[in-house]
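I opened my notebook to go through this structure feature by feature. Here is what I looked up, in the order I got to it.

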Amino acid sequence: MKTGLKYILINILAVAVMGIIFYGCQKKTSKITIGISKIVAHPALDAVEKGIQDKLKELGYENIHFDLQNANGEVSTASSIASKFKSDKVDLAVGIATPTAIALANTLKDIPVVYSAITDPVDAGLVSSFDKGGKNITGVSDMTPVKEQIELLTKIKKIKRLGHIYSSGEANAVTLADMAAKACKELEIKFIRTTVTNSSEVKAAAKTIIDKVDAIYVSTDNTIVSAISSVSDVAWKNNIPIISADPSSSIKAKILAAWGFDYYKMGLATGKMISEILDGKKTEDIPTRFMKKTSDVDLLINLDVAKKLGLSFPKDIQEAANKIIKDGKLTTK
């Protein structure tokens, strides 16, 4: 009797385990639609988008459809994309950058939303705390070390006046501008700021401050990064160095140095989080994740720009750099 009962229990357990395995496999082979909305196309945000897709395919999601949308820097377009995702009943939506994430959060109340490449989701009103996700929203932050980036520049050139152009319509850009102002005050550097509302105004804004500054700081402001060549062209003609928080967009621009996140790896981290939600984990139980590993950060230095400006990089910066541009060629350590 005991042996028979044991046999029955073993069989029940085996069926249960097989059911769990089958359910998990079924979920990964079921048709899933994920809407991805980015505020604008530029190397960093494109890398996040690519990383998300690659990670989910790596994790075995075979029948997944990505609805890739670009708001082209327009908040109204971001809202229209959110409405489209709602109408299409996507299984999950991703907002790359603050404006698109806010648009998704305001529109999709019953569909999970994951934000990525957002500086401060709490300040943006997406979640109430870094330690806990919202009812249907959580994500990955790209909070950048502003003061350390400016300090890096001061090790290469003595700076008395630092210029900064930012988008008044991007919550993350305003937050970073305030952080830069605070850092400059602590470093006893005069902070000269000017704002734009869209990328077409960036070049004119650069021209208005270029003769008033010793250098320019570019944050992870999507409007400015999408028009980084406009800033670098003006700075190049006036022998003004630029320190950027976005290495991805700095490779093809005339940027002295760039220190920031590897946004492809941020995309991979975002894809991993998405898989957890698709597998049943509640967004409330997933706190905002930050890119904290040394391997998540890139330091790019441009020896060609330094030579033109009559500057040189200290030995420790050269040794720390994992991307170096010399004679027009990029070398990655």
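**Entry 1: ground rules.** When I say helix or strand, I mean a DSSP run, with at least four residues for a helix and at least two for a strand, numbered from the N terminus. I also kept in mind that this is a predicted model.

**Entry 2: the largest pocket.** I started with open space. The largest pocket holds about 280 Å³. I counted 13 residues in its lining, and Trp259, Val297, Asp298, Leu299 and Ala320 are the ones nearest the centre. Which elements supply at least two residues each to this lining? I found helix H5 (146–156), strand S12 (297–302) and helix H13 (315–320). H5 gives the largest share, with 4 residues. By class, I noted 6 nonpolar, 5 charged and 2 polar residues in the lining of the largest pocket.

**Entry 3: a stop on H5.** Since H5 had come up, I looked at one of its residues, Glu151. Glu151 has a relative accessible area of 28%, so I wrote it down as partly exposed. I also checked a distance across the model: the C-alpha atom of Glu151 is 33 Å from that of Ile286, with the two positions 135 residues apart along the chain.

**Entry 4: the second largest pocket.** This one has a volume of about 210 Å³. Its lining comprises 16 residues; nearest the centre are Gly73, Glu74, Glu170, Thr197 and Thr223. What classes make up the lining of the second largest pocket? I tallied 10 polar, 4 nonpolar and 2 charged residues.

**Entry 5: the sheet.** Next I traced an open sheet of 6 strands, in the order S2-S1-S3-S4-S5-S11, with parallel pairing. Strand S2 (64–70) and S11 are the edge strands; each has a single partner, so one side of each has no neighbour in the sheet. A reminder to myself: strands of a sheet pair through backbone hydrogen bonds, parallel or antiparallel. Inside the sheet I picked out strand S3 (residues 92–96) and S4, which run parallel and are joined by 4 bridges. Ile96 stands opposite Ser116 in S4.

**Entry 6: aromatic pairs.** How many aromatic pairs did I find? The count is 2. For Phe130 and Phe290, the ring centres are 5.4 Å apart and the planes meet at 70°, so I logged the pair as edge-to-face; the cut-off for that label is over 60 degrees. This pair links distant parts of the chain, 160 residues apart: Phe130 is in the loop between strand S4 (113–118) and strand S5 (137–141), whereas Phe290 is in strand S11 (residues 289–290). Are these two rings buried or exposed? Phe130 is partly exposed, at 30% relative accessible area, and Phe290 is partly exposed too, at 28%.

The other pair is Phe261 with Tyr263. Their ring centres lie 6.5 Å apart and their planes are at 85°, so this pair is edge-to-face as well. Both Phe261 and Tyr263 are buried.

**Entry 7: charges over a ring.** My last look-up was Trp236. Which charged ends sit over its ring? I found that of Lys254, 5.7 Å from the ring centre, and that of Lys308, 4.6 Å from the ring centre. I closed the notebook there.

How values were computed:
Residues are numbered from 1 along each chain as its sequence is written. This is a predicted model: local features need pLDDT of at least 70, side-chain atom pairs count only at pLDDT 80 or more; totals for chains, interfaces and linings use all residues. Side-chain values use heavy atoms; hydrogens and water are left out. On a 1 Å grid over the protein atoms alone, a cavity is a set of points where a 1.4 Å probe fits but cannot get out, and a pocket is an open set with protein on both sides within 12 Å along at least five of seven lines; lining residues have an atom within 4 Å of a point. Grid points are joined across faces, edges and corners, and a volume is the space filled by probe spheres set on the points. Ala, Val, Leu, Ile, Met, Phe, Trp, Tyr, Cys and Pro count as nonpolar, Asp, Glu, Lys and Arg as charged, and the others, Gly among them, as polar. Rings of Phe, Tyr and Trp (its six-membered ring) pair if their centres lie within 6.5 Å; planes under 30 degrees apart count as stacked, over 60 as edge-to-face and the rest as tilted. Buried means under 20% relative accessible area, exposed over 50%, partly exposed in between (1.4 Å probe, protein chains only). A charge sits over a ring if NZ of Lys or CZ of Arg is within 6 Å of the ring centre and within 35 degrees of the ring normal. Two strands pair if DSSP finds at least two bridges between them.
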